[in-house]
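Got your viewer open and a cartoon view loaded? Let's take a walk through this one, one selection at a time.

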Amino acid sequence: MDKPTFFHLHLVSDSTGETLMTVSRAAIARYENVEAIEHVYPLVRTDRQVNRVLSEVEASPGIVLFTLVDQTISERLLRRCREMSIPCVDVLDPLVHVLQSYLNVPTISRIGAQHSLDADYFRRIEALNFVMVHDDGALPDDIEEADVIVIGVSRTSKTPTSIYLANRGVKATNIPIVRDMPVPPAVFTAERPLIVGLVATPERIVQLRENRLLSLNAIRTGRGDYVDRQAVSQEIAYTRRLCAENEWPIIDVTRRSIEETAAAILALLSDRKYAASITDGGDI
């Protein structure tokens, strides 16, 4: 395999920088054996802060991507990068121009507008609190408030998937599938939540569990069936059987990232809402 090509990537934002990181990583993923050395500069709003950015760009030339509302600051950054012959791009500018041309309405100059403390923001915070309280089998009487119940054996990324869903405003709880331990009865009687089973290949689960034990400095003896391939296969088979008997959808996470697993669950939620709207004869 060829050695990766590294380059410096400077991400300059007057807000958190999350948009830049998401967009740049999605673009770089299209290139094989290319890796960025990220330099992230959040909350850049003053001349002094721009000076620091420009100093580091000059010391480590590469590509500069930015999202800056203040036109004076953005023009200064663009001008100085041109002088240094360094590519510098406003990642939102093309999309903003398309929207403005289509909608024919003026833009607003408000820093971090996408992070405003609106109803959606508080919905996501509420969902995150819900996930924390209902993690790893914690099922109080308010299970019907959940949007999603994620079930699966250990190391199928139930908790991080639930947290990611919370960031999208989805209230999720997760239930571990453990040998010789019955699934809580509340799961079978729940009516409102979507119940989804997560599975993976036995080889993948064993690998993750081995790594988990190593990180905990666990001794080899006394691990029982936790990393026994046959026992793991039985756990996964039981999960599949349980989901099939109850008509719960299954997602194989062997080669999926947490983001992809969460996206699949969100798609299932959307399909469920669509089906319900058709059944009720209402508008979508």
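This tour goes from a sheet to the helices lying across it, and ends at a tyrosine. Keep in mind that you're looking at a predicted model.

**Stop 1: the sheet.** Select β5, β6, β7 and β8. They form an open sheet of four strands, ordered β6-β5-β7-β8, and the pairing is parallel. Colour residues 172-176 and 250-252 to pick out the edges: these are β6 and β8, and each pairs on one side only. Turn the sheet to look along it and you can follow the twist, which averages 25° from one strand to the next.

**Stop 2: inside the sheet.** Now show just residues 148-152 and 194-199. That's β5 next to β7, paired in the parallel sense over five bridges. For one of the pairings, click glycine 152: its bridge partner in β7 is leucine 198.

**Stop 3: the helices across it.** Bring back the whole sheet and add residues 158-166. This is α6, lying across β5, β6 and β7 and running at about 170° to β6. Next, add residues 229-246 for α9, which lies across β5, β7 and β8 at about 155° to β7.

**Stop 4: along α9.** Stay with α9 and hide α6. From first C-alpha to last, the 18 residues of α9 reach 26 Å, close to the 26 Å expected at 1.5 Å a residue. Show side chains for Ala231, Val232, Glu235, Ile236, Thr239, Leu242 and Cys243, which are buried. Why do they line one face of the helix? Look down the axis of α9: the buried residues fall within an arc of 140°, so they share that one face. To see what covers them, switch on β5, β7 and β8 together with α7 (185-189) and α8 (202-215), which are among the covering elements. Then spin round to the other side of α9, where Gln230, Ala244 and Glu245 are exposed.

**Stop 5: the two ends of α9.** Zoom in on the N-terminal end and select aspartate 228. This residue caps α9, with a side-chain oxygen 3.3 Å from the backbone nitrogen of glutamine 230. Now jump to what follows the helix: glutamate 247, whose phi is positive, near 60°.

**Stop 6: a tyrosine in α4.** Finally, select residues 93-103, helix α4, and find tyrosine 102 within it. Is tyrosine 102 buried or exposed? Its relative accessible area is 72%, and exposed means over 50%, so tyrosine 102 counts as exposed. Draw a distance line from its C-alpha to that of serine 15: the two residues are 87 apart along the chain, and these atoms are separated by 26 Å.

Note on methods. Residues are numbered from 1 along each chain as its sequence is written. This is a predicted model: local features need pLDDT of at least 70, side-chain atom pairs count only at pLDDT 80 or more; totals for chains, interfaces and linings use all residues. Side-chain values use heavy atoms; hydrogens and water are left out. Two strands pair if DSSP finds at least two bridges between them. Helices (H or I, at least four residues) and strands (E, at least two) are DSSP runs, numbered from the N terminus. Axes are lines fitted to C-alpha atoms, for helices over the stretch in contact, and angles run from 0 to 180 degrees between N-to-C directions. Contact means heavy atoms within 4.5 Å. The expected span of a helix is 1.5 Å times one less than its number of residues. Buried means under 20% relative accessible area, exposed over 50%, partly exposed in between (1.4 Å probe, protein chains only). The arc is that of the directions from the helix axis to the C-beta atoms. A polar contact is a pair of N or O atoms within 3.5 Å; within protein, one must be able to donate a hydrogen and the other to accept it, and residues adjacent in sequence count only if both atoms are side-chain atoms.
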